[in-house]
Amino acid sequence: MNSKTRILERLRQGQAQQATAVDHGDLPAMPRLPETAWKTRFIELMTANHAQVIECNRANWIGQLVELLQQKRLDQLCLGQSPANLELADVLASRLPELRLSRFDQALEAYADSRMRVRLFTEMSAGFSRATAALAETGTLVVASGAEEPRTLSLVPPLSIILLHQADLVSGFAELIEQPRWQGKLPTNLLLISGPSKTADIQQTLAYGAHGPKELVVLLVDECVQDECVQDECASD
């Protein structure tokens, strides 16, 4: 018996010995991180992956965003076309009149020669996105892209700013897809973001920003504040 025959024979034996597939309900429960540890673990892993996490609340997150834009001396910011982003754009325009705001329509992504798409790849300093959820176990942002949340906003500009509500933290991916909002209506494109873009050569030397954002800043919003929301806060947040 030659080596090829022996290998094929072992494969046939293994196939014959495979157990019958079990139902999902018969599988053991996956271990989950305690909810009290979600925030700490998420921040630790995000920071370890060269992302910056800014903790804020409903009353001051817009002010934190304005301060960030001033610190970075950004002259351009691109947002999606959601109603909340349109309100945010009005607030930013009043506070930072020198900031050039662009609203990116996902429909424009289909046209490689569109003016907006060219600007996004060649001129835009930063993109603002809203996370749908986040996974504490892996330190991962979940962004459900769509008509109001173009995927390129978090994948192309040198700086990616992502708003995350602490209430949307979950333990892991298994828990995420078990939520009622996902049942039967998963988006066609779900972005999982764990830090700025990075790549490595054959010697495993990491380089950041080679094919996407060089920086990732997460605005982590804690909903638990006693004061009423400030006047300029977007109602949908």
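Let me start with Glu178, which makes a salt bridge to Arg32, with the closest N and O atoms 2.7 Å apart. Glu178 sits in the loop between helix H6, residues 173-177, and strand S9, residues 190-193, while Arg32 sits in the loop between H1 and helix H2, residues 38-48, so this pair ties together parts of the chain that are 146 residues apart in sequence. Both partners are partly exposed: Glu178 has a relative accessibility of 44%, and Arg32 has 43%. Keep in mind throughout that this is a predicted model.

How many salt bridges does the structure hold? There are five, and I will go through two others.

The next one is between Glu215 and Lys72, whose side chains meet at 2.5 Å, N to O. Again the partners come from separate elements. Glu215 is in strand S12, residues 215-222, and Lys72 is in helix H3, residues 61-72, so the pair links parts that are 143 residues apart in sequence. Glu215 is partly exposed at 34% relative accessible area, and Lys72 also counts as partly exposed, at 29%.

The other salt bridge is a local one. Arg12 pairs with Glu9, and here the closest N and O atoms are 3.8 Å apart. The cut-off for a salt bridge is 4 Å, so this pair counts. Both residues lie in helix H1, residues 3-17, and they are three residues apart, about one turn of the helix. Arg12 is partly exposed, with a relative accessible area of 48%. Glu9 is partly exposed as well, at 33%.

Now to helix H3, which we have already met through Lys72. First, its length. H3 has 12 residues, which at 1.5 Å a residue should span 16 Å, and its end C-alpha atoms are 16 Å apart, so the two values agree.

Which residues of H3 are buried? They are Trp61, Ile62, Leu65, Val66, Leu68 and Leu69. These residues cover an arc of only 160° around the axis, so they lie on the same side of H3. As for what covers them, the list includes strand S1 (52-57), strand S2 (76-79), helix H4 (83-95), strand S4 (126-130), strand S7 (159-165) and S12. S12 is also the strand that holds Glu215, the salt-bridge partner of Lys72.

Right after H3 comes Arg73, with a positive phi near 55°. That is a positive value in a residue other than glycine. Arg73 is in the loop between H3 and S2, and at 75% relative accessibility it counts as exposed.

Helix H2 can be described along similar lines. Its buried residues are Trp38, Phe42, Ile43 and Met46. They cover an arc of only 120° around the axis, so they too sit on the same side of their helix, H2. Just after H2, His50 takes a positive phi of about 70°, although His50 is not a glycine. The location of His50 is the loop between H2 and S1.

On to one of the sheets. This one is open and has four strands, in the order S8-S5-S6-S9, with mixed pairing. Its edge strands are S8, residues 169-170, and S9, each of which pairs on one side only. Strands of a sheet pair through backbone hydrogen bonds, either parallel or antiparallel. Which way do S6 and S9 run, parallel or antiparallel? S6, residues 140-144, and S9 run antiparallel and are joined by four bridges. To give one contact point you can find in the model, Val143 has Leu191 in S9 as its bridge partner. S9 is also the strand at the far end of the loop that carries Glu178, where I began.

Finally, some totals for the chain. It has six helices and 12 strands. Of its 237 residues, 41% count as buried. Among contacts with a separation of 6 or more, 74% are between residues 24 or more positions apart. The two salt bridges from Glu178 and Glu215 also join parts separated in sequence, by 146 residues and 143 residues respectively. The exposed surface of the chain comes to about 13,800 Å², and carbon and sulfur atoms supply 51% of it.

Definitions and conventions:
Residues are numbered from 1 along each chain as its sequence is written. This is a predicted model: local features need pLDDT of at least 70, side-chain atom pairs count only at pLDDT 80 or more; totals for chains, interfaces and linings use all residues. Side-chain values use heavy atoms; hydrogens and water are left out. Buried means under 20% relative accessible area, exposed over 50%, partly exposed in between (1.4 Å probe, protein chains only). Two strands pair if DSSP finds at least two bridges between them. The expected span of a helix is 1.5 Å times one less than its number of residues. The arc is that of the directions from the helix axis to the C-beta atoms. Contact means heavy atoms within 4.5 Å. Accessible areas come from the Shrake-Rupley method with a 1.4 Å probe; for residues, only the protein chains shown count as cover.
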